Amino acid sequence: MRIVSLLPSTTEILFAIGAGDDVVGVTFECDFPAEARTRKIVSTSAMPEGLAPAEIDAFVASAVRRGDDLYHLEADALAGLDADLVVTQDLCAVCAVDVTAVDDALSYLGCRAEVMTIDPHNLDEVLDSVRRLGERTGHSDRAAEIQAGLRDRLAAVRRAVGGRSRPRMLVLEWTDPPFAPGHWIPEMVELAGGVPALGRTGEKSYRITWDEATAAEPDVVVCAPCGYGLPEARALAEDVVSRFPGIPVWAVDANASYARPGPRLVDGVEALAEILHPGRSARAPGQALSTCLRSPWPAVRRPEGAPLRCEISRDNPGMASIPRLAEHPTWMRRARRPRLLKHVLGGGLPMRPPLPGR
């Protein structure tokens, strides 16, 4: 079988279930696993490079109003691949090539490839897409193993945070302008032991104002800008910190574990659980998944004026908590709400000092 995957998430799934050798074409965004980069690129972006977040938002909004495509499907490249199966989506015209563009291209080329759409709106549907791709590509057994393993990890998080306080978490899917989360992200917050301050599972993300963001009274803010990795998200989160005085602000690798509906969403749930309930979620070895730009405890072992940073990674789940934090008079003066203090005393939010030298 010869497969063209027009979604980074389905490319990841196909390689995970053992169908990677059958993948002959991918998009310019398919970067995981690294082997996907060796496949023919058949889809590129219509957006100019180097735009700031506000410029990206304006470009996308204008293109959507005009009915313009945000992605270019390279028909010539597609024709030369002689695909049997093309995997695409009909969920979001901003996220990837729309299924109608694929149908039009295949019709124009006279190609008889089957078009399979993957349109998950929640975590169950994301996990079910692993099963569907496994069945369609002849890798059902491996797909079932992966699906079961992901469900086991989610169940482990649910057990770990069960019965604990549930801080309000605001996840921002974009920062300029701010967007409240949708689809599977509010569900990820709930599974991680939090309450989504804004956003509803299964629905689209939506534009909000900063007044609406602060009015949601989050106990912790997570910047997960769609299309950005951790370093870029951290840079954007620097501008968010000042809007939430005294509230922890985190940046996460949105590309890896939040924006793409694939297996690594479970990494994202585990990372959120570690943010909300430090030390409660078991993690596997790996790279840094999130960075804290500001927490409401006083400066410890750092130059005056330097930003406080602490990282959660799969290798290092975090620093030791401060057991007598509530007795610190400086922190007590900075506590903004009784509810926030309750979460800290209950071991909720990541109230930890930076490592030496940070």
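## Cation over a ring and the cis peptide bonds

In this predicted model, Arg264 is placed over the face of Phe32, 3.7 Å from the ring centre. Phe32 also takes part in an unusual backbone feature: the peptide bond that leads from Phe32 to Pro33 is cis, and its omega is near -5°. Pro33 belongs to the loop between β2 (23-27) and β3 (40-45).

A further cis peptide bond runs from Asp176 to Pro177, with omega near 0°. Pro177 is located in the loop between β8 and β9 (178-180). As background, most peptide bonds are trans, and most residues other than glycine have a negative phi.

## Positive phi angles

Asp82 is not a glycine, yet its phi is positive, at about 50°. This residue is found in the loop between α3 (75-79) and β5 (85-88). Asp82 counts as exposed because its relative accessibility is 55%, and the cut-off for that class is over 50%.

His183 likewise has a positive phi, near 50°, and is a residue other than glycine. Its position is in the loop between β9 and α7 (185-191). Is His183 buried or exposed? With a relative accessible area of 13%, His183 is buried, because the limit for that class is under 20%.

## Aromatic pairs

The structure holds 2 aromatic pairs. Trp174 and Tyr228 make up a tilted pair, with 5.6 Å from centre to centre and 50° between the planes. This pair connects distant parts of the chain, 54 residues apart: Trp174 is in strand β8 (residues 174-175), whereas Tyr228 is in the loop between β12 (220-223) and α9 (230-237). Trp174 counts as buried at 11% relative accessibility, and Tyr228 is buried with a relative accessible area of 14%.

Trp210 and Phe244 form an edge-to-face pair, for which the centre-to-centre distance is 6.2 Å and the angle between the planes is 70°. Trp210 belongs to helix α8 (residues 210-215) and Phe244 to the loop between α9 and β13 (249-252), so this pair ties together parts of the chain that are 34 residues apart in sequence. Phe244 is buried, with a relative accessible area of 1%; Trp210 counts as buried at 17% relative accessibility.

## Nonpolar cores

The largest nonpolar core contains 50 residues, and those with the most contacts inside it are Ile17, Met169, Met188 and Leu272. Helix α11 (residues 265-276) supplies the largest share of this core, 8 residues. A second core, separate from the other, has 21 residues, among them Leu170, Cys223, Val249 and Ala251.

Which residues does Met169 contact, leaving aside its neighbours within four places in sequence? They are Val189, Val195, Pro196, Ala197, Val220, Val222, Leu272, Ile275 and Leu276. Leu272 therefore appears both in this set of contacts and among the residues with the most contacts inside the largest core, a core to which α11 gives 8 residues.

## Helices α11 and α9

Helix α11 is largely enclosed by the rest of the structure, because 12 of its 12 residues are buried. The buried set includes the charged-type positions Asp267, Glu270 and Glu274 as well as Leu265, Val266 and Ile275. The length of α11 agrees with expectation: at 1.5 Å a residue its 12 residues should span 16 Å, and the end C-alpha atoms are 17 Å apart.

In helix α9, the buried residues are Leu230, Ala233, Leu236 and Ala237. These residues lie on the same side of α9, because they cover an arc of only 125° around the axis. In general, an α-helix has 3.6 residues a turn, so residues three or four places apart point the same way.

## Overall architecture

The protein has 13 helices and 15 strands. Of its 358 residues, 51% count as buried. Among contacts with a separation of 6 or more, 67% are made by residues 24 or more positions apart.

Notes. Residues are numbered from 1 along each chain as its sequence is written. This is a predicted model: local features need pLDDT of at least 70, side-chain atom pairs count only at pLDDT 80 or more; totals for chains, interfaces and linings use all residues. Side-chain values use heavy atoms; hydrogens and water are left out. A nonpolar core is a set of buried Ala, Val, Leu, Ile, Met, Phe, Trp, Tyr and Cys residues joined through side-chain atoms within 4.5 Å. Buried means under 20% relative accessible area, exposed over 50%, partly exposed in between (1.4 Å probe, protein chains only). Helices (H or I, at least four residues) and strands (E, at least two) are DSSP runs, numbered from the N terminus. Contact means heavy atoms within 4.5 Å. Rings of Phe, Tyr and Trp (its six-membered ring) pair if their centres lie within 6.5 Å; planes under 30 degrees apart count as stacked, over 60 as edge-to-face and the rest as tilted. A charge sits over a ring if NZ of Lys or CZ of Arg is within 6 Å of the ring centre and within 35 degrees of the ring normal. The expected span of a helix is 1.5 Å times one less than its number of residues. The arc is that of the directions from the helix axis to the C-beta atoms.
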